[in-house]
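Visitor: I would like a close look at a single residue in this model, followed outward into the parts of the chain around it. Please take me through it step by step.

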Amino acid sequence: MGKYLFVMLVFAGLAMYSCKSESEKGKTGKLTENAIMQQQDGTISLKVDKADTYQDRNNPESNTAEWSVMVSKSGRYDVWLSSATKDTTALRYQNSVMLSIKNDLIEARPAVDKVIQNSSDVSYPYYRADSFLGSLFIPDTGLYNIQVISDKILPDKSDKAEETKLLSVSLTPAD
């Protein structure tokens with residue numbers, strides 16, 4: 001009887017472990033399936049309209065966009081932010097923009113570094129302005145969550161016309 005009980009407990013434990021492993025594999029598979037893939041040239045392009053977002057009209061400085069990204073090339077990356085703006089001389093971000101990957105954090109107030117003429121990303125009366133935020137090092141390949149916090153992450157159907165809104169973030173391999 002004791003031997004029979006022992007064998008049943010071993011089989012029950014193996015069955016539970018096997019089911020747990022399969023469900024974890026399913027979760028990982030789903031995460032990687034929905035993840036943004038790094039481009040062949042090493043660029044990682046993150047559009048706000050493709051992100052999971054949190055937006056608070058009363059407290060916009062906590063507005064957040066988050067992406068799951070599959071990094072296939074480790075190394076140092078320059079971080080660029082693209083904004084739609086009506087005024088190419090001043091972006092009017094109320095607060096610094098924060099970008100985090102694991103334990104790395106970049107915090108900067110965007111300035112106009114480049115104005116992109118006739119960008120397909122925006123329509124009149126907006127222009128696209130790109131801002132250099134800084135650089136960071138991604139030491140390993142694999143799945144990462146990248147999060148951006150900014151008062152300019154705005155709902156698609158905003159009640160009022162904004163001067164500036166955040167469009168996307170790009171990580172480009174540093175030379």
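Guide: Let us take Trp-67, whose place is in strand β4. The model is a predicted one, and everything described here is computed from it. At 2% relative accessibility Trp-67 counts as buried, because the cut-off for that class is under 20%. Leaving aside the neighbours within four places in sequence, Trp-67 is in contact with Ile-36, Leu-46, Lys-47, Val-48, Lys-50, Ala-51, Tyr-144, Asn-145, Ile-146, Val-148 and Val-169. One of these partners, Lys-50, is 17 residues away along the chain, and its C-alpha atom is separated from that of Trp-67 by 8.0 Å.

From this residue we can step out to the core. The largest nonpolar core has 29 residues, and Trp-67 is named with Val-169 and Leu-171 as having the most contacts inside it. Strand β4, which spans 64–71, is among the strands that each supply at least two residues of this core, and the others are β2 (44–47), β5 (75–85), β6 (97–101), β7 (104–108), β9 (127–138), β10 (142–149) and β11 (164–173). In soluble globular proteins, nonpolar side chains tend to be buried together.

A useful contrast with the buried tryptophan is Asp-52, which belongs to strand β3, made up of residues 52–54. Asp-52 has a relative accessibility of 63% and therefore counts as exposed, the cut-off for that class being over 50%. Not counting residues up to four places away in sequence, Asp-52 is in contact with Thr-64, Ala-65 and Glu-66. Between the C-alpha atoms of Asp-52 and Thr-64 the separation is 8.1 Å, with their positions 12 residues apart along the chain.

Several of the strands that supply the core also take part in a sheet. Five strands form this open sheet, in the order β2-β11-β5-β9-β8, with antiparallel pairing. Its edge strands are β2 and β8 (114–116), each of which pairs on one side only, and the twist from one strand to the next averages 25°. At one end of that order, four bridges join β2 to β11, and Ser-45 stands opposite Ser-170 in β11. Further along, β5 and β9 run antiparallel and are joined by 11 bridges; here the partner of Ala-84 is Arg-128 in β9. At the other edge, β8 and β9 pair over three bridges, again in the antiparallel sense, and Lys-114 has Asp-130 in β9 as its bridge partner.

Lys-114 also leads to another tryptophan, since this lysine lies over the face of Trp-80, at 4.4 Å from the ring centre. A further lysine, Lys-165, has its charged end over the ring of Tyr-126, 4.9 Å from the centre of that ring. As for rings paired with one another, the structure holds one aromatic pair.

Finally, the chain as a whole gives the setting for these details. Its secondary structure comes to one helix and 11 strands, and, read along the sequence, the helix precedes the strands in the pattern α-β-β-β-β-β-β-β-β-β-β-β. Of the 175 residues in the chain, 35% count as buried, and Trp-67 belongs to that class. Among the contacts in the chain with a separation of 6 or more, 75% are accounted for by residues 24 or more positions apart.

Definitions and conventions
Residues are numbered from 1 along each chain as its sequence is written. This is a predicted model: local features need pLDDT of at least 70, side-chain atom pairs count only at pLDDT 80 or more; totals for chains, interfaces and linings use all residues. Side-chain values use heavy atoms; hydrogens and water are left out. A nonpolar core is a set of buried Ala, Val, Leu, Ile, Met, Phe, Trp, Tyr and Cys residues joined through side-chain atoms within 4.5 Å. Buried means under 20% relative accessible area, exposed over 50%, partly exposed in between (1.4 Å probe, protein chains only). Contact means heavy atoms within 4.5 Å. Rings of Phe, Tyr and Trp (its six-membered ring) pair if their centres lie within 6.5 Å; planes under 30 degrees apart count as stacked, over 60 as edge-to-face and the rest as tilted. A charge sits over a ring if NZ of Lys or CZ of Arg is within 6 Å of the ring centre and within 35 degrees of the ring normal. Two strands pair if DSSP finds at least two bridges between them. Axes are lines fitted to C-alpha atoms, for helices over the stretch in contact, and angles run from 0 to 180 degrees between N-to-C directions.
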